[in-house]
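I opened my notebook for another structure today. Here is what I looked up, entry by entry.

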2 protein chains.
Amino acid sequence: MENSTLKAFIPLFYLVWSDDLLTEKEFSTLKNFITSQSWLSKKDQELMLSKLDAKNPPSRVVLNSWKAEIEAVLSLNPTVKSTSEIAILLSDNNQAIKNNHIEFLKLENDLGFSGDEIIADFSKESNSFTSNQAASSSFEIEKLTEILDGEQAPIIKKVKSIISQPVFAYETSTDTAVYREKVFEWCKILAKENLGNMAYPTEYGGGDNIADYFAIMETLSYHDLSLVIKFGVQFGLWGMSVHSLGTEKHYAKYLRDIGSLKLPGCFAMTETNHGSNVKGMETTATYNHETKTFTIHTPHPKAQKEYIGNAAVHGQMATVFAKLIIGETDYGVNAFIVPIRDSNSIVLKGVTINDCGLKMGLNGVDNGTISFNQVVIPKENMLDRFASVNENGEFESPIPSDNRRFFTMLGTLVGGRIGIPRSALAAAKSGLAIAIRYSDKRRQFGPEGGSEVPILNYRIHQRRLLPLLAKTYATHFALKYVTKRFMVRTEIEMPEIEALAAGMKAYSTWSTTAILQECREACGGKAYLSENRIDALKNDTEVYTTFEGDNTVLMQLVAKNRLSEFRKSFGKMDTMGIIQYVYGNAKTAISEKNPIATRKTDAEHLMDEKFHLSAFQYREKTTLASAAKRLKKLIDGGLEPYDAFNVVQHQMIDVAQAYLERIVLEQFQLAIKTIADKEVKAILVKVYQLYALSQIEKNKGWYLEDGYMEAVKTKAIRKMVNQLCWDIRPEAVALVKAFDIPDSCLAAPIAF
Amino acid sequence: MENSTLKAFIPLFYLVWSDDLLTEKEFSTLKNFITSQSWLSKKDQELMLSKLDAKNPPSRVVLNSWKAEIEAVLSLNPTVKSTSEIAILLSDNNQAIKNNHIEFLKLENDLGFSGDEIIADFSKESNSFTSNQAASSSFEIEKLTEILDGEQAPIIKKVKSIISQPVFAYETSTDTAVYREKVFEWCKILAKENLGNMAYPTEYGGGDNIADYFAIMETLSYHDLSLVIKFGVQFGLWGMSVHSLGTEKHYAKYLRDIGSLKLPGCFAMTETNHGSNVKGMETTATYNHETKTFTIHTPHPKAQKEYIGNAAVHGQMATVFAKLIIGETDYGVNAFIVPIRDSNSIVLKGVTINDCGLKMGLNGVDNGTISFNQVVIPKENMLDRFASVNENGEFESPIPSDNRRFFTMLGTLVGGRIGIPRSALAAAKSGLAIAIRYSDKRRQFGPEGGSEVPILNYRIHQRRLLPLLAKTYATHFALKYVTKRFMVRTEIEMPEIEALAAGMKAYSTWSTTAILQECREACGGKAYLSENRIDALKNDTEVYTTFEGDNTVLMQLVAKNRLSEFRKSFGKMDTMGIIQYVYGNAKTAISEKNPIATRKTDAEHLMDEKFHLSAFQYREKTTLASAAKRLKKLIDGGLEPYDAFNVVQHQMIDVAQAYLERIVLEQFQLAIKTIADKEVKAILVKVYQLYALSQIEKNKGWYLEDGYMEAVKTKAIRKMVNQLCWDIRPEAVALVKAFDIPDSCLAAPIAF
C-alpha cells in the first residue's frame, strides 16, 4: 500500500484482523465505512475492500509489516492517543484524512475500540504502577510476633520446637489405620512433654495452667489437625470431664493416667438422635441399690453414642452422659465413667463399638459409635460433683432443677468452646500464610510490553485475601479476650461468658471456613494438590462449624442471652426507652442520624475508630431492640413463643452477629492502644481499619435500609476498602510471617 | 408454704431455681423485691428469703411440688398470660397480691422473664404451627421430571440405567491406584455403550449428537465425579481436540480408537507457570524441514505440562499445545499429537511423567505432569485445521494473527465450559436431594409438651436450603439455554456465546460450591461422614471453580465482552445516551425511579415477573454503564489501560454477575411460559419467585445505594422471601425427587 491515503487505513486493517474479539459484524461496519467515504476514489475503495475479504486474508507477513509500520510511528510520536492520530501520521498528514478525523473517531467507537488500550497493546515498555507493587515491610516482624504471643510466648515456643522435630513429619499414607496410629504416637510424645495435663491440678501431675493449655491447642493447630482433635478429646474432653464433673476420688484414681495417656478415654455425650438437642438423650443409667451399681443401657439403636473420638480404636474408658433412673423416677442427665475396653484393647462385654468410617477430614481421629447393653458399673463411677446417690439410695444435688443442673454441667465444659475457635484461628493463619506467600510470587498476565505481574497486585485478588487477613488479626485479639474472661470468671458472669464463648466459636469457625475456601480458590489448581495443605486445613476444619455446638444453634443461644439481658434493662420496651437504649442518650441520637453524619465521607471520619465503634454499637443495639419488639408483638398477637422464636430466627442470627462484631472490633481497638512500638502500631491500625470498614461494607445493606448511612457514604467506604487493600498489600507477606508458623508445619511447597 | 400470700411467690421461686440462665444477680433482685414489700410481715419476708439461700436450696422434691402446683393452676385456667396472674390464683385471689399486681409485673421484667414463654414451658400439649409443617406434593413429580429432562429424556434414562448397575457400586478403597483402575473400568463400560463417542461424526463410529453428549456428562455426574472428569478428559478434551483442531487424516487415524477407549489420551495445555495466562506457555515445537518433523521440548521445569488428566497412568498420546518455531520465527501456539506411552503403558523416551499425587478430590483421575526432552514427532501430527506447515516448510494459516488464531482454537473447545457447569449442576442437585430429604426427617428440639420437629420446619433452615434449591432450578434452565445457543451457533455470535458459556461456567460452579457448603453444614455431623457423600460431592467439585478457566478470570472476560458490546452502542457515552441505555427509554426511566415505584411493596407487585426483569435489567445496564464511565475517566486521566482495568476489577465482577443473573432470570421466566401442566407450573412459579426475590435481597445493598429501591421495599422483599420459603417447604422433598437421581447414585444413608 503505497498510496498515503490508503496507509491511513493500516491501523484499522491491522486491528480487525488481529483482534480476537472482532466478528463478521465489525468487518461489515468497516466495509460500510469505506464505501460511504465519498472522498475515496472507487478504485481505492475496491483496493481497500479487497483487504477485508474473509476468504482472502492478508498473510502473516503482511500483518506483521502493518504492525511494524504502526510501531515505527508510535516510537517517533510517544504522545499519540488514538488510532486516528496514527492514521494521520501514517498518511504523512494527508489533508483528506485530517478533514475526516471525526469520522475516523466515530468508526473507532462503532468498532468498540478504545484508543488508549490499542496504543498500550503496541507499547514496548510498560510504565504500569500495578506491576511495580512488591513486598516490603515497614515494621519489625519479630516485634509483632511478640505482641501476638503475649504472655504465652514461652509455651508457644516450646510447642513449636516439639512439633518441628522430624518425628512430626506429616503422615502421607491414605491408610486410616496407619494415620491413626501415627497421631496416637504424636499424642504420647506431647503427653511425655507434660503438655496434655497442663490444665490439671499440680497434685495430679498437672501444670494448673489453663491459659497455657489453650495456647498449646492453638499452636498445635499449625500442625496436623487430627492431632489437635485427638489431643483435645483425650486431655480436654475426657480429662476435663473427669476434672469438672467428678470429685477428689476420681481425680486421684484417673487424672495422672489420663494426663500421661496411659488411660485413653472418650467423651460420650452426642447420640444419633440427639446432637444439638442433647438434653433429649435417651441412654439410661439405672441405679440398683442392692448391688450399689448403675446399669448403663442404650434403649434403641438411634440412642447410641455417635461421633465419639477415641472410641473406634484407643479408648479404654468413657465419660458417658445418661439419664439417671432411680426406681420409677428420671433424675435427668448425669455423667458416669464407663470402661469400654480392657488394657489389651479388647472391647468389654455388653459394649458394642462401630467405626464411623471415613470422614471428610480428621481421619487421624478414631471416631466411633458406642452402644451399651445393660453394662453394670460401680456406684463410685458416677461423676458426682453436681449430683450423687446417697447411702440410702436417694438422689442428692445442690441444684434442685434437673434442667439447671445439666446446663451447669455443660457450663463447666465451656473451655472446649474456647479451644476450638482458637484452633480454627490457627488454621486460618496457616491458610492465609500459604495463599499470600504464593500470591506474592505467582505471576500471571501483565501489561503489554511488560513482564507478568504477581497476582497479589491485582485488586480483586487483594480484595479476596486482605480483608480476611484483617479479620484474622481481629479474631486473634477477640479470642485472647474471651480466654481472659473465661480465666477470671465469676459465677455471676457465667451466662455472659458462655454466650460469648459460644458466639466466638461460631464467629471464628465460620470465618475459618470462608477463609480457607477463598485461599483454595485464590491459589487455583495448586491448592487442589494435597501437598499444599489447603486440602487438609479445609477438610479438617470443616466440622468445626458443627462440633462443640452447631454454629446456627449457638447463634440462637447467643441471641437469646442478649434478649434476656435486654429485657432486664428494658422490660417495658416503650419507644423512648428503646431509642435511649439504641443511642445511649438522646443527644447522640440527634448527632448520629442527622443528614451530615449519614453522608459524612471525609477520610478522617471514615478512619476514625469512634465512628466505627458507634456504627457497630448502633447495629448491635438496633437489631436487638428490633428482634425484641418483633417477638413481643408476635407473642402478644397470640403466637406460641416457640412459633414466634421460629419466625424471628433470621433476625436472631443478626442480633448475635452484630453483638460479636462489636466485641471483635472493640477488642481490636483496645489491643492496639496497648502497643508501644510505633511501626507495629501503625501497620496494625491499618489492618484494624480494613477490618472495621470491610465489616461495615459487608453490612451496607443493613445500614442503608436503616438510614444510618446514605449511599454517598457506603460508596466512599467501598473506595476506602480498596485503598486500604492496596496500601496493605506490600506488607501482607510480613503480616503473615508475623504468625511465625514453623516452616515444617506450613510445609506447602507453594509457600516457599 | 401454707400461707396464701406466700403461695403467690411460688412461681418466682420455682423459676429462679429452675431457669438455667439466672444468676446471683437475679437472686438479689428477688431478695430486694421481697424486703421492699412493706405489706409483707417481717416473719413472712424472712421465711421467703430462706427459700432463696444458695447454700440451702430447696430439694428436688420441693421444686417438683411447686411445679405441680403451678401446673394445676394452669390446667384449670388455660387463658392465664403471666406469672403474676398465676401468683394471684395461687394465693386464692389474695387482695394484697392483687393490689401489687403491677409490682409483680415489673419484677418479672427485671428478672428478664417473658410471661408467655414461661407459661408455654409448662404446657402439656403444643399447638405450635411450626410443628405441623410436613412434606406433601401439589403436583405430579414425574411430570416435572419430564420437563427437566426435555428432549434428552431417552439418553438420560439410558445413562441412569447403566450407572445403576451393580458394577457401578461406589469404590470405597482409599488406595488411589485401586480407585483409578475402577474409574478406568467404568469408562470402558461407557465406551462400549457408545456414550463416549456420542459427539463424534457417525463415519467414525460416533453418534453425531452433541446435545446427548452434554446430557450424558450431566447424568453421569449423579454418580462418581472422578468418572465424569476421566470421561470428559478422554472423550471431551482429548477426543474433541483432535476433532476440533485436526483434519480428516487425524479423524480417520484416531477417532474410533479414542471413542472406544482403545487409545487413552490427554489434553496437555496448562503449564506450571502458565495456567490462566495460557497464551504465555513456553513449550516449543520446532520444525525440522529436512526430516519433516517437529521437536517438542520443555525449556525449563516450570514449563512442564501440569494437572494433565490421564497422564499419570493411562494416557498413550496427548494433544500438546506448544509454540511453533520455524527457523528463527515464533508462530504462536499450535497443537500437536504427541505419543507419550506405548501400548504396554511404558513411558516413551524423552518423555518424563510425574504423578500429581493426592488431591483434595477427583482421586480417581490420574493427573500428572509431562515434560518433553527433544521429543521428535512426524509432521502429520500437527493438528492442522487452523494452521499448517506447507511442502516448502513455510507456515500457512487462514488466520494471519497468531493471537486471533489461538483464541479461535480455544473457541472451538468452548464445549468444555458447558459440560462442567452442567456437571456442577447435577452435583448441586445431589447435595440438595440429600440435605433436604434428611432435613425433612431429622427432628431436633420442639415446643414444650410437643414432640421434636423436623429441622426443615425451622425458618433459618428453610432460609439456608430453599433459596439454593430455587437457584438450582434457575440454573438448570439457564444451562439448557446456553447449550441450545452453542448448538445453533453462527460465527457472528461466537464472542457472545463464548462469554455466556464462560460466565455460566463461573455462575454454576460457584453456586455448586456454595450449595454443597450449606448442605454440609445443614446436615451437621452426618454430612461429615464420607458415607453420606457430601464429602465426595464437595471435594470433587471444589476444583470446578478453577479448571476450564479460573472463575474470577472468566468473569473479567465476560465483563470485557459486555464492555466491548456497550462501547459499540454507546461510543460517546454522553449522559443522555447512558440514561437512555439504562432505562430503555426516557419514559420508563421516569416511571421506574419515581418515589412510588421505589417504595411499592404490595404482594402483587413483588411477585410480578415484569418487576423482577426490570430490576435485573436495570442492575445489569447500570453496572455496565458505570464501569465503562469509570474506565474511560481513568484512562482519560492518564492511567495505562492495564492499570485502569485493575482499578475497576471489582466493578467488572459486578458487571458480569448482573449480566448472568439477568440471563438466568429471563430463561427461568421463558421456560415456565412453555409449561402446560397447571400444577407443575404453579409450583415452578413459586420456585421462580423465590429465585428472583432472593437474588434481589442478596443485592439489596446495591439497589439501596443506587436508589432503585427504598428501605420499605427491600424489607418487604425479605419478608416475602421468608414467606416463600415457608410455602415451598412442604413441596421441597417432591422438588428434589423430581431430579430423579437414581437411589444407588444418591446412596447417602441419611437420604433414605
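Below are my notes on annotated domains, helices, loops and a few single residues.

**Entry 1: what kind of model**

I note first that this is a predicted model.

**Entry 2: domains from the record**

I checked UniProt for chain A. The unreviewed entry puts "domain: Acyl-CoA dehydrogenase/oxidase N-terminal" at residues 184-259 of chain A. I looked at that stretch and got 70% helix and 0% strand, with its end C-alpha atoms 14 Å apart.

Next came "domain: Acyl-CoA oxidase C-alpha1", which the unreviewed UniProt entry gives to residues 411-560 of chain A. Here the chain is 69% helix and 0% strand, and the end C-alpha atoms sit 16 Å apart.

The unreviewed UniProt entry also has "domain: Acyl-CoA oxidase C-terminal", covering residues 612-751 of chain A. I found 81% helix and 0% strand there, with 35 Å between the end C-alpha atoms.

**Entry 3: helix H32 of chain A**

I wanted to test a helix length. What should the 18 residues of helix H32 (residues 711-728) of chain A span at 1.5 Å a residue? The expected span is 26 Å, and the end C-alpha atoms are 26 Å apart, which agrees.

Then I asked which residues of H32(A) are buried. My list starts with A:Ala711, A:Lys713, A:Thr714, A:Ala716 and A:Ile717. It goes on with A:Met720, A:Val721, A:Leu724, A:Cys725, A:Trp726 and A:Ile728. A reminder to myself: an α-helix has 3.6 residues a turn, so residues three or four places apart point the same way.

**Entry 4: two helices crossing in chain B**

I moved to helix H19 (residues 459-487) and helix H30 (residues 678-698) of chain B. They pack at an angle of about 105°, and their axes are 8 Å apart. An angle of 65 to 115 degrees counts as roughly perpendicular, so that is how H19(B) and H30(B) lie to each other.

Who makes the contact? From H19(B) I wrote down B:Arg463, B:Leu466, B:Pro467, B:Ala470, B:Lys471, B:Tyr473, B:Ala474 and B:Phe477. From H30(B) come B:Leu684, B:Val687, B:Leu690, B:Tyr691, B:Ser694, B:Gln695 and B:Glu697. I sorted the residues of this contact into 10 nonpolar, 2 polar and 3 charged.

While on helix H19 of chain B, I looked up B:Thr483, which belongs to that helix. B:Thr483 has 5% relative accessibility, so it counts as buried, the cut-off being under 20%. Leaving out neighbours within four places in sequence, B:Thr483 is in contact with B:Phe214, B:Ile418 and B:Arg422.

**Entry 5: B:Ser423**

I found B:Ser423 in helix H18 (residues 416-441) of chain B. Is B:Ser423 buried or exposed? Its relative accessible area is 0%, so B:Ser423 is buried. Not counting residues up to four places away in sequence, B:Ser423 touches B:Ser221, B:Leu225, B:Val228 and B:Tyr544. I also took one distance: B:Ser423 and B:Phe752 are 329 residues apart along the chain, and their C-alpha atoms are separated by 23 Å.

**Entry 6: helix H6 of chain B**

How many of the 8 residues of helix H6 (residues 83-90) of chain B are buried? I got 6, so this helix is largely enclosed by the rest of the structure. The buried ones are B:Thr83, B:Ser84, B:Ile86, B:Ala87, B:Ile88 and B:Leu90. Just after H6(B), B:Asp92 takes a positive phi of about 55°.

**Entry 7: odd phi angles in chain A**

Most residues other than glycine have a negative phi. That made me look for exceptions.

A:Asp92 has a positive phi of about 55° although it isn't a glycine. I located A:Asp92 in the loop between helix H6 (83-90) and helix H7 (95-99) of chain A. With a relative accessible area of 65%, A:Asp92 is exposed.

A:Glu548 is another non-glycine with a positive phi of about 55°. A:Glu548 sits in the loop between helix H21 (534-541) and helix H22 (551-569) of chain A. At 23% relative accessible area, A:Glu548 is partly exposed.

**Entry 8: A:Asn94**

Back in the loop between H6 and H7 of chain A, I found A:Asn94. A:Asn94 counts as buried, at 16% relative accessibility. A:Asn94 touches A:Ser4, A:Thr5 and A:Ile88, not counting residues up to four places away in sequence. From A:Asn94 to A:Asp440 I got 50 Å in space, C-alpha to C-alpha, for 346 residues in sequence.

Definitions and conventions. Residues are numbered from 1 along each chain as its sequence is written. Chains are lettered from A and ligands numbered from 1 in the order in which they are written. This is a predicted model: local features need pLDDT of at least 70, side-chain atom pairs count only at pLDDT 80 or more; totals for chains, interfaces and linings use all residues. Side-chain values use heavy atoms; hydrogens and water are left out. Helices (H or I, at least four residues) and strands (E, at least two) are DSSP runs, numbered from the N terminus. The expected span of a helix is 1.5 Å times one less than its number of residues. Buried means under 20% relative accessible area, exposed over 50%, partly exposed in between (1.4 Å probe, protein chains only). Axes are lines fitted to C-alpha atoms, for helices over the stretch in contact, and angles run from 0 to 180 degrees between N-to-C directions. Angles under 35 degrees count as roughly parallel, over 145 as roughly antiparallel, 65 to 115 as roughly perpendicular and the rest as oblique. Contact means heavy atoms within 4.5 Å. Ala, Val, Leu, Ile, Met, Phe, Trp, Tyr, Cys and Pro count as nonpolar, Asp, Glu, Lys and Arg as charged, and the others, Gly among them, as polar. UniProt positions are given in the numbering used here, feature names are shortened, and annotations may be inferred rather than shown by experiment.
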